[in-house]
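The following exercises invite the reader to examine a protein model step by step. Each task is followed by a worked solution.

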Amino acid sequence: MSDGSLSQEEIDALLMGADDLIGSPTATATAPSPPPGGGLSDAEMQRFLEVYRMTVEASSGTLGQIITKNVRIANPQAVLKSPADAQAAQTGRLVYVKIDYSEGLTGENVFVFKAEDAAKIADAMMGQSGGQLTDVALSALAEAVSQMVGGSGTVLADKFGRTIKNIPP
């Protein structure tokens with residue numbers, strides 16, 4: 001866009017990677033029924049979605065500061081899928097960035113980007129164009145994701161009243 005803002009489609013691709021993993025960002029977030037044999041209850045899914053929306057908002061704000069563009073995500077969704085189903089839904093060249101927590105939470109954040117979108121983020125961070133995923137570009141992307149996770153960690157720390165830290169990439 002000429003004003004430096006990203007379209008909703010570009011934001012979705014930048015932050016979430018494969019659209020099949022998150023569904024349409026403009027639809028209202030709803031809790032899917034738990035899969036047979038386990039999963040989250042409706043109440044647990046609603047609580048997860050509340051926290052998810054808070055962290056996505058923080059992450060989008062952080063990304064906007066990093067790439068100096070307006071980034072806003074409206075009504076993010078989460079869809080419960082098995083690892084096999086999530087992997088099967090992914091197509092094309094993808095870039096994975098995994099950030100682990102070092103304090104306050106157990107687990108990790110995994111961001112999946114289409115290669116083209118990863119290159120756009122790195123280019124915006126480095127003030128370049130060309131879309132090449134060099135080692136420097138991948139390092140810049142990993143740093144952006146680390147800062148996004150850090151920003152969402154601050155929101156979670158405030159919500160849960162504990163220190164939350166992630167391990168740098």
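A residue is called buried when its relative accessible area is under 20%, exposed when that area is over 50%, and partly exposed in between. The model examined here is a predicted one.

**Exercise 1. Aromatic pairs**

Determine how many aromatic pairs a search of the whole structure finds, and classify phenylalanine 48 as buried, partly exposed or exposed.

Solution.

Step 1. The search of the whole structure yields two aromatic pairs. One of them joins phenylalanine 48 to tyrosine 52 in a stacked arrangement, with 5.8 Å from centre to centre and 10° between the planes.

Step 2. Next, the two residues are located. Phenylalanine 48 and tyrosine 52 both belong to helix α3, which covers residues 42-67, and they stand four residues apart, about one turn of the helix.

Step 3. The accessibility of each partner is then compared with the limits. Phenylalanine 48 has a relative accessibility of 39%, so it counts as partly exposed. Tyrosine 52 has a relative accessible area of 15% and is therefore buried.

Step 4. Phenylalanine 111 and phenylalanine 113 also form a stacked aromatic pair, with 6.2 Å between the centres and 15° between the planes. Both of these phenylalanines are buried.

**Exercise 2. The nonpolar cores**

State how many residues the largest nonpolar core has, and identify the element from which its largest share comes.

Solution.

Step 1. The largest nonpolar core has 23 residues. Val95, Val97, Phe113, Ile121, Leu141 and Val145 are the residues with the most contacts inside it.

Step 2. Two or more residues of this core are given by each of α3, β1 (94-103), β2 (108-114), α5 (115-126) and α6 (135-160). The largest share, eight residues, comes from α6.

Step 3. Valine 95 may serve as an example. When neighbours within four places in sequence are left aside, valine 95 is in contact with Phe111, Val112, Phe113, Ala115, Ala118, Leu133, Leu138 and Leu141.

Step 4. Another core lies apart from the largest one; it has six residues, among them Met45, Leu49, Val56 and Ile73.

**Exercise 3. A buried aspartate**

Find which side chain of opposite charge is nearest to aspartate 123, and list what aspartate 123 touches beyond four places in sequence.

Solution.

Step 1. Aspartate 123 is part of helix α5. Aspartate 123 is buried yet has no salt bridge.

Step 2. The nearest side chain of opposite charge is that of lysine 120, at 9.2 Å. A salt bridge requires a side-chain nitrogen of Lys or Arg within 4 Å of a carboxyl oxygen of Asp or Glu.

Step 3. A polar atom of the aspartate 123 side chain lies 3.3 Å from the backbone nitrogen of glycine 130. Not counting residues up to four places away in sequence, aspartate 123 touches Gln128, Ser129, Gly130 and Gly131.

**Exercise 4. Salt bridges**

Establish how many salt bridges a search of the whole structure finds, and explain which parts the pair of glutamate 103 and lysine 165 ties together.

Solution.

Step 1. Five salt bridges are found in the whole structure.

Step 2. Lysine 98 meets aspartate 100 in a salt bridge with an N to O distance of 3.9 Å. Aspartate 100 has a relative accessible area of 27%, so it is partly exposed. Lysine 98, at 48% relative accessibility, is likewise partly exposed.

Step 3. Lysine 98 also forms a salt bridge with glutamate 108, the closest N and O atoms being 3.6 Å apart. This pair links distant parts of the chain, with lysine 98 in strand β1 and glutamate 108 in strand β2, ten residues apart.

Step 4. Glutamate 103 and lysine 165 form a salt bridge through their side chains (3.8 Å, N to O). Because glutamate 103 lies in strand β1 and lysine 165 in strand β3 (residues 165-166), the pair ties together parts that are 62 residues apart in sequence.

Step 5. A network of salt bridges links Arg47, Glu50 and Lys159.

**Exercise 5. A backbone angle**

Decide whether the phi of threonine 68 is positive or negative, and where threonine 68 lies.

Solution.

Step 1. Most residues other than glycine have a negative phi. Threonine 68, although not a glycine, has a positive phi of about 55°.

Step 2. Threonine 68 is found in the loop between α3 and α4 (83-89). Its relative accessible area is 67%, so threonine 68 is exposed.

Notes. Residues numbered from 1 in each chain as written. Predicted model: local features only at pLDDT ≥ 70, side-chain atom pairs only at ≥ 80, totals over all residues. Heavy atoms only, no water. Phe/Tyr/Trp six-rings, centres within 6.5 Å; stacked < 30°, edge-to-face > 60°. Buried < 20%, exposed > 50% of the residue type's maximum accessible area, 1.4 Å probe, protein only. Core = buried A, V, L, I, M, F, W, Y, C linked by side-chain atoms within 4.5 Å. Contact = heavy atoms within 4.5 Å. Lys, Arg positive; Asp, Glu negative; His and termini not counted. Polar contact = N/O pair within 3.5 Å; in protein donor to acceptor, adjacent residues only side chain to side chain.
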